[in-house]
Amino acid sequence: MVWVIGAEGLLGREVIKALKGKNIPCVGTDKEVDAENFSLLENFLKKTENENYYSHRKFKNPNDGKITWIVNCASLSDYRECEENPEKAEAANAKAALNIARLSHDSGAKMIHVSTSYVFGGDNAKSMKENDRKDPFGVFGKTKALGEDYVRSSLSRCYIIRTSKIFGEKKGTFVPSLIMAMTKNPELHAIKDSSESFTSAKDLASFIVLAIEKSDGAKKLFGKKSAPSYGVYNFANSGSASLFEFVKEVSEIAKKIGIVKNEINVLPSDITDNGTNLQYPKNLVLDCSLTEKEFKIKIPSWHEGLKKIFGRIK
């Protein structure tokens with residue numbers, strides 16, 4: 001069984017959907033099981049396994065009821081909130097990750113921990129690879145980097161997946177909120193002098209399930225039937241864009257399929273003109289070539305990822 005923590009978030013929901021689509025037994029929790037409290041995590045795991053592992057009522061195979069994977073999709077990712085509440089950010093992004101890693105180690109479960117491109121800093125001349133030096137950007141980047149360190153020092157059987165700018169169809173998240181804004185305001189401003197990776201939550205969730213399947217299906221440690229080594233992998237849709245380019249494409253698709261009826265004018269703005277005193281990354285693109293090589297996949301472009309969610313938003 002796979003336990004998804006942060007199951008009500010944008011990514012967590014997609015992971016649950018992807019697991020169910022593959023008929024992989026799973027359970028999801030969110031704020032009701034606070035990952036910052038180790039005892040709550042431990043009690044939930046014991047309760048779930050006691051109810052399911054020793055009972056044949058729910059599963060054909062009693063082993064299906066044992067939690068063998070824990071996927072941590074939870075974090076405090078609001079950049080402004082992290083800057084304004086660093087202690088809260090550290091608790092959510094580092095302490096919680098440590099607790100989950102400890103529990104995984106103690107219970108024998110494997111772990112997938114979702115991290116961020118912000119561990120690499122804010123203005124890079126090249127796309128960032130997994131083994132490039134970390135130089136965390138802002139409180140969000142620093143607390144996520146600390147969370148990574150905690151996980152790696154606590155657990156060997158773990159995939160840490162660094163990603164960037166996750167988007168999807170969940171109401172209240174970036175793309176649906178952007179479309180709503182377009183129906184009310186014909187003029188929007190978006191930063192043009194930056195370049196980042198963007199990630200479809202659906203594509204990332206599919207990759208997370210693939211990692212689980214490959215690890216569980218490995219027949220040997222090395223060779224064609226082996227699983228990719230545990231460690232750090234980047235995952236984002238291929239290609240990069242400024243926020244201006246991304247918003248512009250959202251507006252064009254929304255207009256083309258009739259979600260937005262009115263004319264939309266997307267205007268470029270400077271990264272320093274964000275209405276706050278906060279600094280944001282300027283160039284932060286992930287190199288995912290290692291992920292594609294090790295998992296034998298071709299990651300679709302962010303353009304493709306964006307087009308796929310529009311049918312479900314509509």
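Reader: What span does helix 2 (residues 38-52) reach from its first C-alpha to its last?

Author: This is a predicted model, in which local features need pLDDT of at least 70 and side-chain atom pairs count only at pLDDT 80 or more, while totals for chains, interfaces and linings use all residues. Residues are numbered from 1 along each chain as its sequence is written, and side-chain values use heavy atoms, with hydrogens and water left out. Helices (H or I, at least four residues) and strands (E, at least two) are DSSP runs numbered from the N terminus, and the expected span of a helix is 1.5 Å times one less than its number of residues. Helix 2 has 15 residues, and close to the expected 21 Å is its span from first to last C-alpha, 21 Å.

Reader: What arc around the axis do the buried residues of helix 2 cover?

Author: Buried means under 20% relative accessible area, with exposed over 50% and partly exposed in between (1.4 Å probe, protein chains only). In helix 2 the buried residues are F38, L41, F44, L45, T48, E49 and N52. They lie on the same side of helix 2 because the arc, taken from the directions from the helix axis to the C-beta atoms, is only 135°.

Reader: Which strands and which helix do these buried residues of helix 2 pack against?

Author: Contact here means heavy atoms within 4.5 Å. The buried residues of helix 2 pack against strand 1 (2-5), strand 2, strand 3 (69-72) and helix 4 (86-107).

Reader: Which residue of strand 2 stands opposite V4?

Author: Two strands pair if DSSP finds at least two bridges between them, and strand 1 and strand 2 pair in the parallel sense over 4 bridges. Both faces of strand 1 are covered, with V2 and V4 buried on one side and W3 and I5 buried on the other. Opposite V4, in strand 2, stands G28.

Reader: Which strands are the edge strands of the open sheet?

Author: The sheet is formed by 6 strands in the order 2-1-3-4-5-10, with parallel pairing. Pairing on one side only marks the edge strands, which are strand 2 (26-29) and strand 10 (231-234).

Reader: At what angle to strand 4 (110-116) does helix 5 (residues 138-154) run?

Author: Axes are lines fitted to C-alpha atoms, for helices over the stretch in contact, and angles run from 0 to 180 degrees between N-to-C directions. The buried residues of helix 5 pack against helix 3 (79-84), helix 4, strand 4 and strand 5. Helix 5 lies across strand 4, strand 5 and strand 10, and its angle to strand 4 is about 160°.
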